[in-house]
Amino acid sequence: MTELNTFLTKIIDDGIAACKIDYKDRPDKLKGAIEGFEACRGKNVEELTKLLAEAGKVTGAAMMSTPVPKNYWEIRCYEAEIEWVCNCVSAALVNSGHRPIVPVTARG
């Protein structure tokens with residue numbers, strides 16, 4: 001668990017630094033992205049899996065709403081960064097011979 005927390009902290013801290021640059025002119029996206037990264041902090045694999053599923057449900061509901069909520073991009077970026085963390089953790093899991101949380105992409 002200590003190794004996972006060290007890895008998570010690095011992914012989260014680097015991700016927050018990057019999104020502050022990428023979304024500097026999009027406060028809605030920035031807020032959601034930072035909240036998504038922070039939601040992952042200190043979680044184990046099972047908790048990350050559950051967090052991603054819950055975020056996906058919220059995003060799906062927002063996409064199906066009429067009208068789409070004003071904070072849609074905040075919601076979507078929250079989920080996207082949780083998904084990114086799960087992708088990176090999944091790559092590490094696969095490299096260690098374990099089952100991934102999500103299918104690993106080339107960017108993970």
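Is Arg-76 buried, exposed or partly exposed? In this predicted model, Arg-76 is partly exposed, with a relative accessible area of 25%. Its charged partner is Glu-79, and the two side chains meet in a salt bridge of 3.0 Å, N to O. Glu-79 is buried, at a relative accessible area of 13%. Both residues belong to helix 4, where they stand 3 residues apart and are therefore separated by about one helical turn. An α-helix has 3.6 residues a turn, so residues three or four places apart point the same way.

Helix 4 spans residues 72-95. The helix has 24 residues and reaches 35 Å from its first C-alpha to its last. That span is close to the 34 Å expected at 1.5 Å a residue. Helix 4 is followed by Gly-97, whose phi is positive, near 85°. On the other side, the loop between helix 3 (45-64) and helix 4 contains Pro-67. The peptide bond from Thr-66 to Pro-67 is cis, with omega near -5°.

Glu-81 also lies in helix 4. This residue is buried yet has no salt bridge. The nearest side chain of opposite charge is that of Arg-76, 8.7 Å away. A salt bridge requires the nitrogen and oxygen atoms to be within 4 Å. Beyond four places in sequence, Glu-81 touches Tyr-23, Ala-33, Gly-36 and Phe-37.

The nonpolar interior was examined next. The largest nonpolar core has 23 residues. Leu-48, Val-85 and Val-89 touch the most other members. Helix 1 (2-22), helix 2 (27-40), helix 3 and helix 4 each give two or more residues to this core. The largest share, 7 residues, comes from helix 4. In soluble globular proteins, nonpolar side chains tend to be buried together. The contacts of Val-85 can be listed individually. With neighbours within four places in sequence left aside, Val-85 is in contact with Leu-8, Ile-11, Ile-12, Phe-37, Cys-40 and Leu-48.

Cys-40, one of these contacts of Val-85, leads to the question of disulfides. How many disulfides does the structure hold? The count is 0. Cys-40 is in no disulfide, and the nearest cysteine sulfur, that of Cys-86, is 5.8 Å away. Likewise, Cys-86 is in no disulfide, and its nearest cysteine sulfur is that of Cys-40, at 5.8 Å. The cut-off for a disulfide is 2.5 Å between sulfur atoms, so a pair must lie within that distance to count. Cys-40 is buried, with a relative accessible area of 0%. Cys-86 is buried too, with a relative accessible area of 0%.

Charged pairs were then surveyed. The count comes to 8 salt bridges. One of them joins Arg-41 to Asp-13, with the closest N and O atoms 3.0 Å apart. This pair links distant parts of the chain. Arg-41 sits in the loop between helix 2 and helix 3, whereas Asp-13 sits in helix 1, 28 residues apart from Arg-41. Arg-41 is partly exposed, with a relative accessible area of 31%. Asp-13 is partly exposed as well, with a relative accessible area of 38%. The pair is part of a network of salt bridges that links Asp-13, Glu-38 and Arg-41. Side chains of opposite charge can pair when their charged atoms come close.

A further salt bridge forms between Arg-26 and Asp-28, with the closest N and O atoms 3.1 Å apart. Arg-26 counts as partly exposed, at 34% relative accessibility. Asp-28 counts as partly exposed at 25%.

Helix 2 also holds Ile-34. Where does this side chain stand in terms of exposure, given that Ile-34 is at 24% relative accessibility? Ile-34 counts as partly exposed, because the cut-off for buried is under 20%. With neighbours within four places in sequence left aside, Ile-34 is in contact with Ile-16, Cys-19 and Lys-20. Ile-34 and Asp-22 are 12 residues apart in sequence. In space, the C-alpha atoms of Ile-34 and Asp-22 are 12 Å apart.

How values were computed. Residues numbered from 1 in each chain as written. Predicted model: local features only at pLDDT ≥ 70, side-chain atom pairs only at ≥ 80, totals over all residues. Heavy atoms only, no water. Helix = DSSP H or I, 4+ residues; strand = E, 2+ residues; numbered from the N terminus. Buried < 20%, exposed > 50% of the residue type's maximum accessible area, 1.4 Å probe, protein only. Expected span 1.5 Å × (residues − 1). Lys, Arg positive; Asp, Glu negative; His and termini not counted. Contact = heavy atoms within 4.5 Å. Core = buried A, V, L, I, M, F, W, Y, C linked by side-chain atoms within 4.5 Å.
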